[in-house]
Amino acid sequence: MKLMVCYDGSNIANDAIDTAVKLGKQLEGSVSLVRTMSAKRSEDVVRVEGIEADLESARKRVADTGLAVDAHLLIRGGSAGEDLTAFAKENDVEYIVIGIKRRSKVGKMFFGSTAQYVILKAVCPVITVK
């Protein structure tokens, strides 16, 4: 069973990892931690090392549970939602686990919602964690 966690380093993303670990143990699955970023701004390139270190720390945390785990930093140029759903499709992911935050309708209109995009466009079931 292939599980994918949409990881951004937030507390809710860490909660999503906990959920994926529980599910992964029950289903004897593996976990892919996936983070996206755009490289449109020059300061984003400088942040890559810190993001990779955070992602590796999360990977080790999952590995310590005994589950098979890999980590991926996607810099593809699309939106976060597009990148995440494309990765899931390309890698035959069977479940996506993503943290959600409450946001007003106006906030979603102006800022979009990666979780909303993933929920609507994913080719597999999506488990949301609040």
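Contact here means heavy atoms within 4.5 Å. Keep that cut-off in mind while clicking around.

This is a predicted model, in which local features need pLDDT of at least 70, side-chain atom pairs count only at pLDDT 80 or more, and totals for chains, interfaces and linings use all residues. Residues are numbered from 1 along each chain as its sequence is written, and side-chain values use heavy atoms, with hydrogens and water left out.

**Stop 1: color by confidence**

Start with pLDDT, the predictor's confidence in each residue, from 0 to 100. The protein chain averages 90, and 86% of the residues score at least 70. Elements are DSSP runs numbered from the N terminus: helices are H or I with at least four residues, strands are E with at least two. Select strand S1 (residues 2-6) for the highest mean pLDDT among the elements, 98, then helix H4 (residues 105-111) for the lowest, 56.

**Stop 2: Arg-35**

Now pick Arg-35, which sits in strand S2. Is it buried or exposed? Arg-35 is buried, because its relative accessible area is 13%; the cut-offs are under 20% for buried, over 50% for exposed and partly exposed in between (1.4 Å probe, protein chains only). Show its neighbors: leaving aside residues up to four places away in sequence, Arg-35 touches Tyr-7, Asp-8, Gly-9, Arg-47, Ile-51, Asp-54, Leu-55, His-72, Leu-73 and Leu-74.

From that list, keep Asp-54 selected. The side chains of Asp-54 and Arg-35 meet in a salt bridge, 3.6 Å from N to O. This pair links distant parts of the chain, with Asp-54 in helix H2 and Arg-35 in strand S2, 19 residues apart. Asp-54 itself counts as partly exposed, at 27% relative accessibility.

**Stop 3: more charged pairs**

Side chains of opposite charge can pair when their charged atoms come close. The term salt bridge is used for a side-chain nitrogen of Lys or Arg within 4 Å of a carboxyl oxygen of Asp or Glu. How many salt bridges does the structure hold? There are four.

Go to Arg-61 and Asp-18, another of these pairs, whose closest N and O atoms are 2.4 Å apart. Here too distant parts of the chain are linked: Arg-61 belongs to helix H2 (residues 42-63) and Asp-18 to helix H1, 43 residues apart. Both ends are partly exposed, Arg-61 at 31% and Asp-18 at 35%.

Next, stay on H2 and select Arg-59 with Glu-56, a salt bridge of 2.8 Å, N to O. These two are three residues apart in the helix, so about one helical turn separates them. Arg-59 is partly exposed at 23%, and so is Glu-56 at 30%.

**Stop 4: Ala-71**

With Arg-59 still on screen, hop to Ala-71 in strand S3 (residues 68-74). Ala-71 touches Leu-33, Leu-55 and Arg-59, again not counting residues up to four places away in sequence. Draw a C-alpha to C-alpha distance from Ala-71 to Leu-33: 4.6 Å in space, for residues 38 apart in sequence. At 30% relative accessibility, Ala-71 counts as partly exposed.

**Stop 5: the cores**

Leu-33 leads inside. A nonpolar core is a set of buried Ala, Val, Leu, Ile, Met, Phe, Trp, Tyr and Cys residues joined through side-chain atoms within 4.5 Å. The largest one has 19 residues, and those with the most contacts inside it are Val-5, Tyr-7, Ile-17, Val-31, Leu-33, Val-62 and Val-97. S1, H1, S2 and H2 are the elements that give two or more residues to this core, and H1 has the largest share, seven residues.

Zoom in on Val-31. Beyond four places away in sequence, Val-31 touches Leu-3, Val-5, Ala-20, Val-62, Leu-67, Ala-68, Val-69 and Asp-70. Apart from this core lies another, of 14 residues, including Val-34, Leu-84, Ala-115 and Val-118.

**Stop 6: helix H3 and two turns**

Leu-84 takes you to H3, where Gly-81, Asp-83, Leu-84, Thr-85, Phe-87 and Ala-88 are buried. The buried residues of H3 pack against S1, S2, S3, S4 and helix H5 (114-121).

Follow the chain out of H3 to Asp-92, in the loop between helix H3 (80-90) and strand S4 (95-99). Its phi is near 50 degrees, a positive value in a residue other than glycine. Asp-92 is exposed, at 55% relative accessibility.

Finish at Glu-28, in the loop between helix H1 (11-27) and strand S2 (30-36). Glu-28 also has a positive phi, near 50 degrees, and counts as exposed at 72% relative accessibility.
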